[in-house]
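Please open the structure in a viewer and keep the sequence panel visible. The tour below proceeds by selections, each followed by a description of what is found there.

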Amino acid sequence: RETAEDAEFEAGAAGALGLNVLADRVDARLTDSVVTQTNAADVNIEAARGGLSGAVGTGTTIAQGADVTVTPSVSMTIGLNETRALIDNTELTSAGADLNVNAYDHNNIATGGGSLYKGGSRAGIGGAVSFNLLANQTHAEVIDGSYEGLNNLNVSAASPARVLGGAGVAGLGSQDQQANFAGAFVINNIANTTSARVQSTVDAPLDVSLAGDLSVTSGDAENQALATRLGDLGSADGDTLWNLTEGFDITGAQLPDFSTVSVGDADLQNEEYLDGLAREPNFLSPTTGKSLGGSIIGAAGLLQQNSAKMSAGATVVYNGIYSKQAAELENVEVSTPGDVTVRADNGARIMALSAGLGVQGGSGSFSGMASAAVNVIANQTRATVDEAVVSDGAQGATNALNVNAEDGREIFSGAGNLVVSSSKTTLAAGAGINVIESSVAAEVLSSDINTRSLNVTSDSATGVASLAASAGSLNLNLDLGSTY
């Protein structure tokens, strides 16, 4: 005779995976060469890459008569790109031209995961995971050789990144269900390394002779000219493949200002900068007036409705930015009557939202839900002049030496849930956690400087708002950064 224990086990399952892996390499190089220029046309060594990528995975299971329903979905985007503009071991003699060495990497990423399940007399299980990782390398470099007769020398590296990650789960349990478990998880990480440098790697210093200015800048602001060039790339009929400057905006520019004071002056300077940078929805560099910073928006949501004896759900959003920005002038002898500028800009704008709603009927033993929104920023920003000689040669002093490092952060985290239950034990918890451990440094080391004006500045500013709403809640904000 067949008993309940002998009955055939039935399960319903559906899953989805969306995956993008980007590993481009874009190089523009001039190496081991002798170049003599007889006119004043600019010399451009430029490498640029960019684009938009999206990954979506959704799973749906409706199995009313099954013992167990399982519905996972995973969406992932991984970027491991390298962009480099390099002039190396080259003797360049110019007739008054500008030398421009520019590296530019622009990423827009959107990833989403979803799970919908219904049924499962013993258990219903649903989960959605959204994962984004950017670990790009962007470098603009002038290394070794000699560069004579130039007007201006501009070395610039920029790597703006925009990331959107979302995950959602909806689970409906069957009558007399034993257990119901659901979770939505979002993980976003930006760990880009960006550098601009003029450097000699041998004992003898690199000679740079200019009539105008020397600029070495590393940052994550837009390079409008190169962004427009990328946006104009298209097919034979003229349709653009993508446009980095229009249409697709996940920069967070429309997010509300989370502070109580709004500063709208585009020419923020000194104390105004420190007071206003974190409050500006698109915060600005006091040196350039341009917007700074990458952006991450992460959101996770969960809905559970069941009559299970045990019901548990969790939503977690983790956003991390670990960017490195470096601008360096090392073992270089610069002769110019103009300005010498070494600047590193870094910025981050993060928003994390994690929320859940649980409705549990019947006479279950436990019903619980937890939500967490976690943001971590650990940027490194450094502008360095090391073992350099800066002057106007025999004419005396250069006009100015400016060494600037700037870092600004704006963070919002929100976590909360609501559980409506007739269970014997009901638990609801929410946590908003923000951690900042960034370092900012502007340095002039072991150098011989002859200039009319010397400006060495290091600026750092933070704006933080955190909200956790639940039966048990935690708000934690930690700033462990350093500025020197």
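The stops that follow run from the whole chain to single residues, salt bridges and cavities.

**The whole chain**

Before selecting anything, note that this is a predicted model. Display the protein chain as a cartoon: two helices and 31 strands appear. The chain has 484 residues, and 52% of them count as buried. Switch to a surface view, where the protein chain exposes about 19,500 Å². Carbon and sulfur atoms supply 52% of that exposed area. Sequence distance also deserves attention here. Of the contacts between residues at least 6 apart in sequence, 85% join residues at least 24 apart.

**First selection: V208**

Select residues 206-210, which form strand β15, and pick out V208 within this strand. Is V208 buried or exposed? V208 has a relative accessible area of 2%, and because buried means under 20%, V208 counts as buried.

Now show the surroundings of V208. Apart from neighbours within four places in sequence, V208 is in contact with Y147, L153, V332, E333, V334 and S335. Add G149 to the selection and draw a line between the two C-alpha atoms: V208 and G149 are separated by 8.5 Å, although they are 59 residues apart along the chain.

**Second selection: R49 and D105**

The next stops concern charged pairs. Side chains of opposite charge can pair when their charged atoms come close. The structure holds 11 salt bridges, and a few of them are visited here.

Select R49 and D105 and show their side chains. These two residues form a salt bridge, with the closest N and O atoms 2.7 Å apart. The pair links distant parts of the chain, since R49 belongs to strand β5 (residues 43-63) and D105 to strand β8 (residues 99-119), 56 residues apart. R49 counts as buried, at 7% relative accessibility. D105 is likewise buried, at 1% relative accessibility.

**Third selection: a network of salt bridges**

Which residues are linked in a network of salt bridges? Select E82, R84, E141, R197 and E328, which make up this network.

Begin with R84 and E82, whose salt bridge has its closest N and O atoms 3.2 Å apart. R84 is buried, with a relative accessible area of 16%. Move next to R197 and E328, where the closest N and O atoms of the salt bridge are 2.9 Å apart. This pair also links distant parts of the chain: R197 is in strand β14 (residues 193-199) and E328 is in strand β19 (residues 324-330), 131 residues apart. R197 and E328 are both buried.

**Fourth selection: two residues with positive phi**

Most residues other than glycine have a negative phi, and most peptide bonds are trans. Two aspartates can be examined with this in mind.

Select D32, which lies in the loop between β3 (25-31) and β4 (34-36). D32 is not a glycine, yet its phi is positive, at about 50°. D32 is exposed, with a relative accessible area of 57%.

Then select D144, which is placed in strand β10 (residues 137-150). D144 has a positive phi of about 60°, again without being a glycine. Is D144 buried or exposed? At 13% relative accessibility, D144 counts as buried.

**Fifth selection: the cavities**

Rolling a probe the size of a water molecule over the atoms shows where empty space is left. How many cavities of 30 Å³ or more does the structure hold? There are two.

For the largest cavity, select S159, A161, I190, N192, T194, D220, G294, I321, S323, Q325 and G347, which line it. The volume of the largest cavity is about 60 Å³. Its lining divides into three nonpolar residues, seven polar and one charged.

For the second largest cavity, select the lining residues Q304, N306, S311, G358, V359, Q360, S367, G368, M369 and V419. Strands β17 (294-306), β21 (339-360) and β22 (366-377) are the elements that give two or more residues to this lining. About 40 Å³ of space lies in the second largest cavity. The lining of the second largest cavity comprises three nonpolar residues, seven polar and no charged.

Methods
Residues are numbered from 1 along each chain as its sequence is written. This is a predicted model: local features need pLDDT of at least 70, side-chain atom pairs count only at pLDDT 80 or more; totals for chains, interfaces and linings use all residues. Side-chain values use heavy atoms; hydrogens and water are left out. Helices (H or I, at least four residues) and strands (E, at least two) are DSSP runs, numbered from the N terminus. Buried means under 20% relative accessible area, exposed over 50%, partly exposed in between (1.4 Å probe, protein chains only). Contact means heavy atoms within 4.5 Å. Accessible areas come from the Shrake-Rupley method with a 1.4 Å probe; for residues, only the protein chains shown count as cover. On a 1 Å grid over the protein atoms alone, a cavity is a set of points where a 1.4 Å probe fits but cannot get out, and a pocket is an open set with protein on both sides within 12 Å along at least five of seven lines; lining residues have an atom within 4 Å of a point. Grid points are joined across faces, edges and corners, and a volume is the space filled by probe spheres set on the points. Ala, Val, Leu, Ile, Met, Phe, Trp, Tyr, Cys and Pro count as nonpolar, Asp, Glu, Lys and Arg as charged, and the others, Gly among them, as polar. A salt bridge is a side-chain nitrogen of Lys or Arg within 4 Å of a carboxyl oxygen of Asp or Glu.
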